[in-house]
Amino acid sequence: MSVANPVLRGMYPDPSVCRVDGVYYLITSTFEYLPGLPIHASTDLETWSPVGHAIHDPGQVDYRGVADSGGMFAPTIRHHDGVFYVACTQMGETEQNFYVTARDAAGPWSAPVVLKDARGIDQSLFFHEGRVWWTGTRLVAEPTFDGETEVWLRELDLERGELIGPETVIWTRTQYRAVWAEAPHLYHRNGWFYLMTAEGGTAFEHSVMIARSRDVAGPYLPCPRNPVLTHRHLGSRVEVQSVGHGDLFAGDGDEWWMVVLATRPIAGHHILGRETHLARVTWEDDWPVVNAGLGRLHAPVARAGSWGSRGVPSASDFLGVRGFPDFAHPSEAGLRLSSTGQPTALLRRLTSIESVVTITLDNIDRDAVAGLVLRQSDEVQTRIEVARAEAGDGLRADLVVRLHDDAVLTSIELPRGPLVLAAHVTEGGIRLTVTPAGQAEQELGRVPLSALSTETAGGFVGTTFGPFVAGPPGASVDFTAWSQDDRG
């Protein structure tokens with residue numbers, strides 16, 4: 001089987017996989033976006049279809065105080081005795097580690113079971129011989145350097161929904177002064193317990209490490225060939241970087257695989273976020289070997305695809321920021337977006353550097369500002385803003401680039417009526433256009449990819465796009481169509 005990486009394109013970081021009855025289930029992080037923790041399914045590891053979200057109901061979470069790149073961190077998905085389990089960390093005003101359960105990966109998923117004694121981030125669970133073990137990463141209490149972490153282990157009582165018994169620190173790091181030994185996962189094979197972690201932080205120095213022990217509580221001895229996967233030694237010009245945060249899983253027969261996150265930067269900037277990649281794993285001397293003979297991920301494969309609304313747009317095709325997209329309701333013209341008093345948006349992941357994304361808006365209220373947003377964070381985004389003109393009966397469109405402060409680059413006058421707002425994304429930058437009904441396309445301007453990169457914004461997410469509305473509560477616009485055309 002050839003691997004066409006990335007297997008999930010755009011902002012799908014921190015992947016974790018389990019296999020049930022021949023079907024692979026893959027879950028990823030969503031941070032401040034809701035619904036949270038999307039789950040994809042595949043029978044061949046090539047075609048992945050969304051089946052639902054582990055966080056799909058407002059009653060499951062409290063997102064008050066969630067900052068950019070806060071929210072849902074690094075889920076782990078496992079299956080045991082007919083039940084799916086997802087372990088996760090929520091960061092924000094409410095900081096907690098929890099798990100949710102479901103009989104079907106499509107849901108419904110349970111309310112979170114919060115583990116009050118589970119500290120840190122990147123929680124995982126491991127089933128073995130009738131017992132359940134919980135692991136996590138946390139900063140050491142008295143660090144000797146910044147980013148010094150430890151991995152801890154404790155037994156989980158599923159009936160009581162709490163951690164029991166003694167806690168054991170089972171790992172610190174593989175390499176001297178390595179930062180952020182995180183993303184711990186436990187496995188059992190051929191009499192060995194394996195602990196896999198990431199080291200180096202989730203950027204250029206990212207890597208996958210593994211250790212093993214005859215006892216689940218250790219001591220764990222590192223693989224002499226660590227890191228078993230990284231791209232940091234390939235230089236800053238390699239097309240796939242920041243490889244790490246892996247999860248191992250078994251396939252048919254002796255097949256084993258690993259999912260990891262990675263980025264695809266252009267000239268030192270990546271805008272799509274950390275994406276899910278796949279690698280084949282073989283075993284030698286009871287140690288995993290990733291893509292034997294190659295020792296790195298396969299090069300990314302160009303993949304075209306088109307998506308869009310068929311009839312009235314559906315809010316279920318989009319994400320909300322710090323809340324579910326319940327501010328959008330069907331109208332005669334399409335889907336009406338109403339302001340809550342704060343800017344609100346329906347957002348989708350940008351999935352290609354060669355892409356054209358469009359939205360169509362109509363019936364902009366007198367006191368509304370609406371348009372197309374390309375978002376990395378609240379502080380780093382690019383917008384086409386449309387509002388009623390100050391004089392006359394027309395509209396005004398502004399191209400706004402926000403790098404912590406708004407800067408209006410250009411403004412044009414437009415007639416009232418439906419507008420197609422578009423972003424034409426290429427390696428050379430992003431061209432923003434407006435097309436009034438029955439008229440030619442008008443270019444508002446161009447922005448560099450760096451204006452929407454993670455390197456500029458910081459944080460852990462990728463670029464999203466979609467319609468937004470701002471203004472006093474109730475100010476609205478009709479959202480009538482969208483399209484996403486990836487060219488490679």
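Start by selecting S124, which sits in strand β10, residues 121-128. The model you have open is a predicted one, so every stop on this tour describes a computed model. Is S124 buried or exposed? With a relative accessible area of 2%, S124 is buried. Show its side chain together with that of H185: a polar contact of 2.9 Å joins the two. Now display the wider surroundings of S124. Setting aside neighbours within four places in sequence, its contacts are T76, R78, A87, W133, W134, T135, P184 and H185.

**Along β10 and into its hairpin**

Extend the selection to the whole of β10. How many of its residues are buried? The count is 8 of 8, so the strand is largely enclosed by the rest of the structure. Next, add strand β11, residues 131-139, which pairs with β10 in the antiparallel sense over 6 bridges. If you pick L125, you will find W134 as its bridge partner in β11. Then move to the turn: the hairpin of β10 and β11 has 2 residues between the strands, and E129 takes a positive phi there, near 50°.

**On to E148**

From β11, follow the chain into the loop that leads to β12 (149-157), where E148 lies. E148 counts as buried, at 9% relative accessibility. Its side chain makes a polar contact of 3.3 Å with that of R173. R173 also appears among the contacts of E148 beyond four places in sequence, alongside R138, L139, V140 and P143.

**A four-stranded sheet**

Now select β1, β2, β4 and β5. These 4 strands form an open sheet in the order β1-β2-β4-β5, with antiparallel pairing. Which strands stand at the edges? They are β1 (16-20) and β5 (49-55); each has a single partner strand, so one side of each is left without a neighbour in the sheet. From one strand to the next, the twist averages 25°. To look at one pairing, keep β4 (residues 36-42) and β5 on display: they run antiparallel over 5 bridges. Here A41 stands opposite S49 in β5.

**Positive phi at D14 and S69**

A general point helps with the next stops: most residues other than glycine have a negative phi, and most peptide bonds are trans. Go to D14, in the segment before β1. Its phi is near 55°, a positive value in a residue other than glycine. D14 is also buried, with a relative accessible area of 4%. Then jump to S69, in the loop between β5 and β6 (71-80). The phi of S69 is positive as well, near 65°, and S69 is buried at a relative accessible area of 9%.

**Two cis peptide bonds**

Select G218 and P219. The peptide bond from G218 to P219 is cis, with omega near 10°, and P219 belongs to the loop between β16 (207-213) and β17 (221-222). Continue to N226 and P227, which are also joined by a cis peptide bond, with omega about -10°. P227 is in the loop between β17 and β18 (229-230).

**The cysteines**

Colour the cysteines next. How many disulfides does the structure hold? It holds 0 disulfides. C18 shows why: its sulfur is 15 Å from the closest cysteine sulfur, in C88, which is too far for a bond. C18 is buried, with a relative accessible area of 6%, and C223 is buried too, at 4%.

**The nonpolar cores**

In soluble globular proteins, nonpolar side chains tend to be buried together. For an example, select L421, I430 and F479. These three touch the most other members of the largest nonpolar core, which has 45 residues. Centre the view on L421: beyond four places in sequence, L421 touches V357, T358, I359, L361, G371, L372, I384, V386, T433 and V434. Apart from this core lies another, of 25 residues, including V23, Y25, Y63 and F84.

**Last stop: E379**

Finish at E379, in the loop between β30 (369-375) and β31 (380-388). E379 is partly exposed, with a relative accessible area of 29%. Among residues beyond four places in sequence, E379 touches D68, R402, L403 and H404. For a final distance, pick the C-alpha atoms of E379 and D406: they are 27 residues apart along the chain and separated by 8.9 Å.

Definitions and conventions. Residues are numbered from 1 along each chain as its sequence is written. This is a predicted model: local features need pLDDT of at least 70, side-chain atom pairs count only at pLDDT 80 or more; totals for chains, interfaces and linings use all residues. Side-chain values use heavy atoms; hydrogens and water are left out. Buried means under 20% relative accessible area, exposed over 50%, partly exposed in between (1.4 Å probe, protein chains only). A polar contact is a pair of N or O atoms within 3.5 Å; within protein, one must be able to donate a hydrogen and the other to accept it, and residues adjacent in sequence count only if both atoms are side-chain atoms. Contact means heavy atoms within 4.5 Å. A nonpolar core is a set of buried Ala, Val, Leu, Ile, Met, Phe, Trp, Tyr and Cys residues joined through side-chain atoms within 4.5 Å. A disulfide is a pair of cysteine sulfur atoms within 2.5 Å. Two strands pair if DSSP finds at least two bridges between them. Axes are lines fitted to C-alpha atoms, for helices over the stretch in contact, and angles run from 0 to 180 degrees between N-to-C directions.
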